[in-house]
Amino acid sequence: RAVNGAPFVYHATELVSAHEEGAEKEACDYIFDALDALGVRWGLSHVEVIAETLPETGRMRVRLVEVNCRQHNTDFMPLCNACVGYNSLDMVLAAHLGNDGEDSADHGRGLPWDSIPVLPTTRAYGAIVHFVSHVEGKISRIRYDVLEAMEDLASVVDMHVYPRFMELGNPIQKTIDIRSDTGWAHLMNDVEEEFRRDYSRLVDLMKDMFEVKED
């Protein structure tokens with residue numbers, strides 16, 4: 001969403017089902033075509049696209065932003081395991097090492113590769129929420145009461161504020177991209193209404209995490 005004068009600022013990365021017809025499946029189909037066109041055949045890929053419905057036709061348009069031959073740059077495993085039932089790191093191990101069809105204590109070795117669907121289905125609602133700073137200057141107060149309220153939300157299972165923003169006097173800027181956010185939270189809930197409510201509340205609370213002395 002647009003914030004702090006920037007046209008697009010990450011607020012959340014949400015896990016979604018992609019097995020049924022819709023924007024999610026169209027985006028995945030487009031990504032598969034892009035990987036094929038680039039000759040990417042093995043390993044993890046972190047791909048970003050923009051999917052939007054064209055108002056004049058009502059049709060979906062998907063545009064490629066980037067293709068990265070790497071994993072997502074965050075700790076996605078806990079949410080993926082809980083909300084999907086597996087994660088891409090285990091998939092890579094299963095693809096390279098195979099499995100004997102029996103559960104194993106070693107991640108990946110017991111993952112039955114042939115049973116993994118082409119596109120995922122979620123069994124719970126989950127997201128990584130990126131903390132967006134709305135202030136700029138030198139940190140004069142850390143609102144621990146706000147941080148506690150964020151942690152107390154039912155859907156928040158983990159959160160982290162980057163250490164440099166936990167010291168008074170350190171500089172902070174308004175978030176305009178993923179490199180200038182101030183931390184993250186993992187949200188998960190079985191009930192969509194509660195998940196959406198806590199996400200909205202978290203977005204409101206993050207505006208008050210810090211007070212600053214302007215330069």
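Buried means under 20% relative accessible area, exposed means over 50%, and partly exposed is anything in between, worked out with a 1.4 Å probe on protein chains only. Keep that handy for the tour.

You have a predicted model open, where local features need pLDDT of at least 70 and side-chain atom pairs count only at pLDDT 80 or more, while totals for chains, interfaces and linings use all residues. Residues are numbered from 1 along each chain as its sequence is written, and side-chain values use heavy atoms, leaving out hydrogens and water.

**Stop one: Ile128**

Select residues 125-130 and you have strand S4, with Ile128 in it. (Strands here are DSSP runs of E, at least two residues; helices are runs of H or I, at least four; both are numbered from the N terminus.) Is Ile128 buried or exposed? Its relative accessibility is 6%, so it counts as buried.

Now show what touches Ile128, taking contact as heavy atoms within 4.5 Å. Skip the neighbours within four places in sequence, and you should pick up His11, Ala12, Thr13, Thr74, Leu79, Trp184, Ala185 and His186. For a distance to try, go from the C-alpha of Ile128 to that of Tyr199: 9.9 Å, for two residues 71 apart along the chain.

**Stop two: Glu52 and Arg63**

Next come salt bridges, meaning a side-chain nitrogen of Lys or Arg within 4 Å of a carboxyl oxygen of Asp or Glu. The structure has 12 of them. Pick Glu52 and Arg63, whose closest N and O atoms sit 2.9 Å apart. Glu52 belongs to strand S2 (residues 46-53) and Arg63 to strand S3 (residues 60-68), so this bridge ties together parts 11 residues apart in sequence. Glu52 is partly exposed at 27%, and Arg63 is partly exposed too, at 37%.

**Stop three: around Glu211**

Select Glu211 and Arg141, which form a salt bridge at 3.1 Å, N to O. Here strand S9 (residues 210-213) supplies Glu211 and strand S5 (residues 137-142) supplies Arg141, so the pair links parts 70 residues apart in sequence. Glu211 is partly exposed at 32%, and Arg141 is partly exposed at 40%.

Keep Glu211 selected and add Arg143: that salt bridge has its closest N and O atoms 3.9 Å apart. Arg143 lies in the loop between S5 and helix H4 (144-151), so its bridge to Glu211 in S9 joins parts 68 residues apart in sequence. At 18% relative accessibility, Arg143 counts as buried.

Which residues make up the network here? Show Arg141, Arg143, Asp145 and Glu211 together, joined by salt bridges that share partners.
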